[in-house]
Amino acid sequence: MTAGLLRGLCRHISIQNTFFGKTLQQNMALKQISSNKCFEGYQKVFEHDSSELKCKMKFGIYLPPKAETSKCPVVYWLSGLTCTEQNFITKAAYHQTASEQGLIVVAPDTSPRGCNIDGEEESWDFGTGAGFYVNATEDPWKTNYRMYSYVVKELPELINGNFPTDPDRISVCGHSMGGHGALICALKNPGKYKTVSAFAPICNPVQCPWGQKAFGGYLGSDASKWEAYDATHLVKTYSGAQLDVLIDQGKDDQFLSAGQLLPDNFIAACTEKKIPVVFRLQEGYDHSYFFITTFINDHIKHHAKYLNA
């Protein structure tokens with residue numbers, strides 16, 4: 001066997017990952033794509049073969065300096081339409097507060113990629129970059145588009161198996177489509193997440209054009225089945241552990257005025273169920289990452305309050 005072949009075989013058998021000056025033996029399912037020191041911690045990106053999605057997936061993970069010596073709680077961030085794992089980790093400027101609070105932050109991609117499904121690249125709001133955090137039931141999407149199970153089950157198991165996490169201390173947040181994802185993950189799994197927050201979430205997708213297009217394609221024409229992935233409907237039947245929800249919404253968000261987000265419907269349902277929601281309508285802000293960057297530290301501290309209690 002040549003030296004080159006031997007080195008290649010070794011890379012498949014054992015992936016070596018170094019941070020904090022130490023070498024960790026990683027699960028062979030993980031391939032490190034990048035690593036950058038940031039506020040004394042490390043922002044990393046990994047790739048792996050997903051059993052749920054039947055494709056390669058990437059996720060970003062920030063490891064704070066506290067992870068060198070102890071297990072840390074985890075915040076899962078879910079991004080919005082058209083995004084990858086890169087948008088949040090390069091634009092949101094959350095690292096300093098996550099470092100100070102000792103939080104691991106995980107940001108997965110938003111959908112399967114490269115599945116060669118007919119039509120997956122035709123629309124910016126359906127298919128690639130638009131998984132909507134549901135488990136599809138319709139052909140040709142149902143084999144790969146299982147983002148709900150990926151985010152709730154497969155990804156946390158992978159993170160807990162390879163990084164210094166405390167699996168009993170996790171929370172979830174997100175933006176737009178990812179805000180919808182964060183809300184439904186928390187509402188469908190009482191007690192799993194310590195808290196939830198969102199930026200400009202799609203709160204009532206069964207009533208908005210984005211949701212109707214996505215749910216019709218992924219879940220079929222029976223609209224009654226869509227309610228299982230609609231935060232406003234899930235709140236109406238929620239009976240689990242108490243949630244403390246934080247939502248920031250830009251007042252000048254073009255998608256708010258277009259009727260895509262519908263936060264009033266969600267707030268009304270929460271009020272009826274006596275679920276506490278802090279809803280902040282931010283004057284002058286739009287739907288962009290400039291908005292997220294402005295208020296992300298408030299959200300990181302909101303999560304730290306419950307995760308570090």
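This briefing describes a sheet, the helices that lie across it, and the residues packed around them. The model is predicted. Its open sheet is formed by 9 strands with mixed pairing, and helix α10, which spans residues 289-307, lies across β6, β8, β9, β10 and β11. The largest nonpolar core has 94 residues.

**The sheet**

- The strands of the open sheet follow the order β3-β4-β5-β7-β6-β8-β9-β10-β11, and their pairing is mixed. The edges are taken by β3 (31-38) and β11 (277-282), each of which has a single partner strand, so one side of each is left without a neighbour in the sheet.
- On average, and with direction ignored, neighbouring strands of this sheet are turned by 20 degrees against each other.
- Strand β6 (residues 72-78) and strand β7 (residues 104-108) run parallel and are joined by 3 bridges; Val 75 has Val 105 in β7 as its bridge partner.

**Helices across the sheet**

- Helix α5 (residues 177-188) lies across β6, β8 (165-175), β9 (196-199) and β10 (245-250), and its direction makes an angle of about 140 degrees with β8.
- Helix α10 likewise lies across β6, β8, β9 and β10, and also across β11, running at about 175 degrees to β9.

**Helix α10 in detail**

- At the start of α10, a side-chain oxygen of Ser 288 comes to within 3.2 Å of the backbone nitrogen of Phe 290.
- Further along, α10 has a kink of about 50 degrees, which is centred on Phe 295; Phe 295 is itself one of the buried residues of the helix.
- The buried residues of α10 also include the aromatic side chains of Tyr 289 and Phe 291, the histidines His 299, His 302 and His 303, and the aliphatic residues Ile 292, Ile 296, Ile 300 and Leu 307.

**Core and local packing**

- Within the core of 94 residues, those with the most contacts are Phe 59, Tyr 94, Phe 132, Tyr 218 and Phe 266.
- Apart from its neighbours within four places in sequence, Tyr 94 is in contact with Ile 296, Asn 297 and Ile 300, and also with Gln 43, Tyr 62, Phe 88, Ile 89 and Val 105. Of these partners, Ile 296 and Ile 300 are among the buried residues of α10, while Val 105 is the β7 bridge partner of Val 75.
- Ala 107 lies in strand β7 and counts as buried because its relative accessibility is 1%, against a cut-off of under 20%.
- Leaving out residues up to four places away in sequence, Ala 107 touches Phe 59, Gly 60, Trp 77, Glu 85, Phe 88 and Ile 89. Phe 46 is 61 residues from Ala 107 in sequence, with a C-alpha to C-alpha separation of 11 Å.

Definitions and conventions:
Residues numbered from 1 in each chain as written. Predicted model: local features only at pLDDT ≥ 70, side-chain atom pairs only at ≥ 80, totals over all residues. Heavy atoms only, no water. Bend = angle between axes of the 7 residues up to and from the residue. Helix = DSSP H or I, 4+ residues; strand = E, 2+ residues; numbered from the N terminus. Buried < 20%, exposed > 50% of the residue type's maximum accessible area, 1.4 Å probe, protein only. Polar contact = N/O pair within 3.5 Å; in protein donor to acceptor, adjacent residues only side chain to side chain. Core = buried A, V, L, I, M, F, W, Y, C linked by side-chain atoms within 4.5 Å. Contact = heavy atoms within 4.5 Å. Pairing = 2+ DSSP bridges. Axes fitted to C-alpha atoms, helices over the stretch in contact; angles between N-to-C directions.
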